[in-house]
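Here are some notes to read beside the model. They are set out as numbered points, so that each can be checked on screen.

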Amino acid sequence: MNEKDEYIKKVKTHLAVMIGKGRKIDKIFLSQGLTRLELFAIQQIYQATNGDQENKGIYVSVLAKNMDIVLSSASRTLRSLEKQGLISRKIDPENRRNICVMLTKKGEFVRKQCLENVNLLVSRVVDDMGMEEMDQLIVLWNRFIDQMDKEVNKMTEEMNKKTE
């Protein structure tokens, strides 16, 4: 195995460990029994309505687009949130073919609890690492994610060409 292959193996191992440790973080982020996708949906709904309970909500199709997921995944996630009493749906009075989604009071409370936990966790990490190291991490992490995204797009195009 050459030096590059050894290094790739090392990077994959570290990424796997980071992902595994990330699951531990879910205990804090998702302390209210939500999945990551459900918490993300709640946050997207909140942002779309600016936290205004009187707002008509967000269309399911817009939510799916904002979350970068297919409509069926958004619907499944919303069904789960609705069963938990965290969201409500209603028909848009301006266009009866569209369904609007909004947070319930319970949904707002759960969102607030999760974000308080996230804020506390991040604050403690910043205290330990310092702002300078955190800035370096953010720059490098964004660069890494951008590069991964670029390569995934290239590989997807290559795979699509092979299947044509």
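1. Cysteines. The model is a predicted one. Cys-100 is buried, because its relative accessible area, 1%, is under the 20% cut-off. Cys-114 is buried as well, with a relative accessible area of 0%. The count of disulfides in the structure is 0. A disulfide is a covalent bond joining the sulfur atoms of two cysteines; for a pair to be counted here, the sulfur atoms must lie within 2.5 Å.

2. Largest pocket, extent and centre. The largest pocket holds about 1,100 Å³ of space. Its lining is made up of 24 residues. Those nearest the centre of the pocket are Met-18, Gly-22, Ile-25, Leu-137 and Trp-141. On screen, these residues are a convenient place to begin.

3. Largest pocket, source of the lining. Which helices each give at least two residues to the lining of the largest pocket? They are α1 (3–29), α5 (105–129) and α6 (131–163). The largest share comes from α1, which supplies 12 residues.

4. Largest pocket, character of the lining. Sorted by class, the lining has 18 nonpolar residues, 2 polar ones and 4 charged ones. Gly-22, one of the residues nearest the centre, falls in the polar class because glycine is counted there.

5. Aromatic pair. The structure has 1 aromatic pair. Its members are Trp-141 and Phe-144, with 5.3 Å from centre to centre and 35 degrees between the planes. The pair is classed as tilted because its angle falls neither under 30 degrees, as for stacked rings, nor over 60, as for edge-to-face ones. Both residues belong to helix α6 and stand 3 residues apart, so about one helical turn separates them.

6. Exposure of the pair. Are Trp-141 and Phe-144 buried, partly exposed or exposed? Trp-141 is partly exposed, at 40% relative accessibility, and Phe-144 is also partly exposed, with a relative accessible area of 27%. Trp-141 appears again among the residues nearest the centre of the largest pocket.

7. Charge over a ring. The charged end of Arg-111 is placed over the ring of Tyr-46, at 3.4 Å from the ring centre.

8. A positive phi. Asp-68 has a phi near 60 degrees, which is positive although the residue is not glycine. Most residues other than glycine have a negative phi. Where is Asp-68 found? Asp-68 is in the loop between α3 (60–67) and α4 (71–83). Asp-68 counts as exposed because its relative accessible area is 70%, over the 50% cut-off.

9. Val-62 and Cys-100. Val-62 is in helix α3 and is partly exposed, with a relative accessible area of 35%. The sequence puts Val-62 and Cys-100 38 residues apart, and their C-alpha atoms are 9.7 Å apart in space. Cys-100, as said in point 1, is buried.

10. Gly-107 and Gln-43. Gly-107 belongs to helix α5 and is buried, at 0% relative accessibility. Along the chain, 64 residues separate Gly-107 from Gln-43, while 9.9 Å separates their C-alpha atoms.

11. Asn-142 and Ala-64. Asn-142 is placed in helix α6. Asn-142 is partly exposed, with a relative accessible area of 42%. Asn-142 and Ala-64 are 78 residues apart along the chain, and their C-alpha atoms are separated by 24 Å.

Key
Residues are numbered from 1 along each chain as its sequence is written. This is a predicted model: local features need pLDDT of at least 70, side-chain atom pairs count only at pLDDT 80 or more; totals for chains, interfaces and linings use all residues. Side-chain values use heavy atoms; hydrogens and water are left out. Buried means under 20% relative accessible area, exposed over 50%, partly exposed in between (1.4 Å probe, protein chains only). On a 1 Å grid over the protein atoms alone, a cavity is a set of points where a 1.4 Å probe fits but cannot get out, and a pocket is an open set with protein on both sides within 12 Å along at least five of seven lines; lining residues have an atom within 4 Å of a point. Grid points are joined across faces, edges and corners, and a volume is the space filled by probe spheres set on the points. Helices (H or I, at least four residues) and strands (E, at least two) are DSSP runs, numbered from the N terminus. Rings of Phe, Tyr and Trp (its six-membered ring) pair if their centres lie within 6.5 Å; planes under 30 degrees apart count as stacked, over 60 as edge-to-face and the rest as tilted. A charge sits over a ring if NZ of Lys or CZ of Arg is within 6 Å of the ring centre and within 35 degrees of the ring normal.
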